[in-house]
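Work through the exercises below with the model open beside you. Each task is followed by a stepwise solution.

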Amino acid sequence: MIVAAAGVIGVLLLLARYLSLWLQAYVTGTGIKLLTLFLMSLRKVNPEVIVRSKVMAVQAGLTTISTNAIEAQYLAGGDVPRIMLALISAQRANIALDWDTAAAIDLAGRDILEAVQISVNPKVINCPIQESEGLSTLDGFAKDGIQLKVRALVTVRTNLLQLVGGATEATVIARVGQGIISAIGACGSYREILADPGIISRQVLAQGLDSQTSFEIVSIDIADIDIGDNIGARLQLDQANADIRIALAFSEKRRAMAVARQQEMVALTKEHEAQLVLEESKIPSAVAFAFRDNPLRSSRVRGKEKRSYTNQSRI
């Protein structure tokens with residue numbers, strides 16, 4: 001009698017705990033048995049979460065999701081109710097999303113419900129992100145050297161197929177910023193962009209910057225364009241000043257070389273004058289030597305004496 005009473009009491013406790021869940025599952029057509037609910041408790045699974053999630057799936061028409069798959073996701077640490085809400089939202093919005101993909105996204109640490117909501121209602125992101133980068137505009141330079149300061153609004157929606165392993169929002173914004181600066185630099189004049197800001201949007205969208213990312217770029221809208229500094233004129237002025245300094249340095253070099261050559265010529269002239277004076281100082285001694293030892297003088301004297309003697313003989 002005691003054993004029977006204990007058994008009855010145990011059955012009543014089980015019925016008190018699981019009967020309402022079983023009735024809820026039964027009337028909604030989920031096909032979860034009372035014994036299955038008891039075994040869930042033994043497997044450390046919360047039956048209330050599983051039943052509620054399965055009821056939401058069945059009521060939404062998602063009858064292909066098995067109870068075992070839901071339990072496995074719960075045991076893996078997934079947020080089962082949030083996955084069910086995401087699947088229901090995707091079904092209502094005609095977005096292709098199955099249980100396996102949603103479960104993988106949830107286990108990867110991504111918010112699957114938020115991803116579906118962004119797919120339904122695209123998200124608008126400021127470019128640049130002022131809160132994280134501390135920048136208010138993207139600065140680019142056209143080919144004429146005029147600086148343009150641009151602020152853009154990027155509309156994105158979630159790419160569910162690449163949500164696992166795809167680049168995040170920061171990568172998309174960085175690519176868009178790079179594309180905007182490149183588009184500005186490709187324009188010959190800043191007037192072209194001021195006349196048609198859509199040039200930037202078309203060029204950036206044509207580059208496919210959302211590849212291998214978790215988002216798909218819907219549109220890029222130029223919110224504001226301001227004209228900055230004339231960097232081209234400043235660079236030309238700096239180049240002109242540099243050319244002037246180079247010319248002055250070259251002319252100074254030539255002047256110094258001319259002065260050095262002049263001093264060389266002065267020194268060479270002094271050297272030649274000294275040699276001339278030295279040579280002129282040798283003239284008196286040479287003349288004295290010539291008059292003293294030259295035989296031409298003695299022959300002239302003898303000739304004069306001979307002619308005088310001949311004349312005396314004739315007389």
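Buried here means under 20% relative accessible area, and exposed means over 50%. The model is a predicted one.

**Exercise 1. State how many helices and strands the protein has, and what share of its residues is buried.**

Step 1. Count the elements: the protein has 14 helices and 4 strands.
Step 2. Turn to burial. Of the 315 residues in the protein, 30% are buried.
Step 3. Consider the contacts between residues at least 6 apart in sequence. Of these, 71% join residues at least 24 apart.

**Exercise 2. Describe helix 3: its span, its ends and its buried residues.**

Step 1. Take the span. Helix 3 covers residues 47-59, which is 13 residues. From first C-alpha to last it reaches 18 Å, close to the 18 Å expected at 1.5 Å a residue.
Step 2. Look at the N-terminal end. Asparagine 46 caps it. A side-chain oxygen of asparagine 46 lies 3.2 Å from the backbone nitrogen of glutamate 48.
Step 3. Look past the other end. Glycine 61 follows helix 3 and has a positive phi, near 95 degrees.
Step 4. List the buried residues: Pro47, Val49, Ile50, Val51, Ser53, Lys54, Val55, Ala57 and Val58.
Step 5. Recall the helical repeat. An α-helix has 3.6 residues a turn, so residues three or four places apart point the same way.

**Exercise 3. Find what covers the buried residues of helix 7, and which residue makes a polar contact at its start.**

Step 1. Identify the buried residues of helix 7. They are Ile112, Leu113, Ala115, Val116, Ile118 and Ser119.
Step 2. Find their cover. It includes helix 5 (80-92) and helix 6 (99-107), along with strand 1 (123-127) and strand 3 (146-158).
Step 3. Inspect the start of helix 7. There, a side-chain oxygen of aspartate 111 comes to within 3.3 Å of the backbone nitrogen of leucine 113.

**Exercise 4. Characterise the largest pocket by volume, lining and residue class.**

Step 1. Give the volume: about 170 Å³.
Step 2. Read off the lining. It consists of Arg110, Asp111, Glu114, Ala115, Ile118, Lys123, Thr158, Leu163, Thr168, Glu169, Ser214 and Phe215.
Step 3. Sort the lining by class. There are 4 nonpolar, 3 polar and 5 charged residues.
Step 4. Assign the largest share. Helix 7 (residues 112-120) supplies it, with 3 residues.
Step 5. Link back to Exercise 3. Aspartate 111 is in the pocket lining, and a side-chain oxygen of aspartate 111 is also the one that reaches leucine 113.

**Exercise 5. Decide whether threonine 155 and serine 201 are buried or exposed, and name their contacts.**

Step 1. Place threonine 155 in strand 3.
Step 2. Apply the cut-off. Threonine 155 has a relative accessible area of 14%, so it is buried.
Step 3. Set aside residues up to four places away in sequence. Threonine 155 then touches Pro122, Lys123, Val124, Glu216, Ile217, Val218, Ser219 and Asp221.
Step 4. Place serine 201 in helix 11. At 11% relative accessibility, serine 201 is buried.
Step 5. Leave out its neighbours within four places. Serine 201 is in contact with Ile220, Asp221 and Ile222.

**Exercise 6. Locate the cis peptide bond and describe the setting of its proline.**

Step 1. Find the bond. Cysteine 127 and proline 128 are joined by a cis peptide bond, with omega about 5 degrees.
Step 2. Place proline 128. It sits in the loop between strand 1 and helix 8 (130-133).
Step 3. Check burial. Proline 128 counts as buried because its relative accessibility is 2%.
Step 4. Check a C-alpha separation. Proline 128 and leucine 138 are 10 residues apart along the chain, and their C-alpha atoms are separated by 6.7 Å.

**Exercise 7. For asparagine 94 and glutamine 212, give phi, location and exposure.**

Step 1. Take asparagine 94. Its phi is positive, about 60 degrees, although it is not a glycine.
Step 2. Locate asparagine 94 in the loop between helix 5 and helix 6. Its relative accessible area is 75%, so asparagine 94 is exposed.
Step 3. Take glutamine 212. It is not a glycine, yet phi is positive at about 60 degrees.
Step 4. Locate glutamine 212 in the loop between helix 11 (198-206) and strand 4 (215-230). At 58% relative accessible area, glutamine 212 is exposed.

Methods. Residues numbered from 1 in each chain as written. Predicted model: local features only at pLDDT ≥ 70, side-chain atom pairs only at ≥ 80, totals over all residues. Heavy atoms only, no water. 1 Å grid on protein atoms, 1.4 Å probe; cavity = no way out; pocket = protein on both sides within 12 Å on 5 of 7 lines; lining within 4 Å. Points joined across faces, edges and corners; volume = space filled by probe spheres on them. Helix = DSSP H or I, 4+ residues; strand = E, 2+ residues; numbered from the N terminus. Nonpolar A, V, L, I, M, F, W, Y, C, P; charged D, E, K, R; others polar. Expected span 1.5 Å × (residues − 1). Buried < 20%, exposed > 50% of the residue type's maximum accessible area, 1.4 Å probe, protein only. Polar contact = N/O pair within 3.5 Å; in protein donor to acceptor, adjacent residues only side chain to side chain. Contact = heavy atoms within 4.5 Å.
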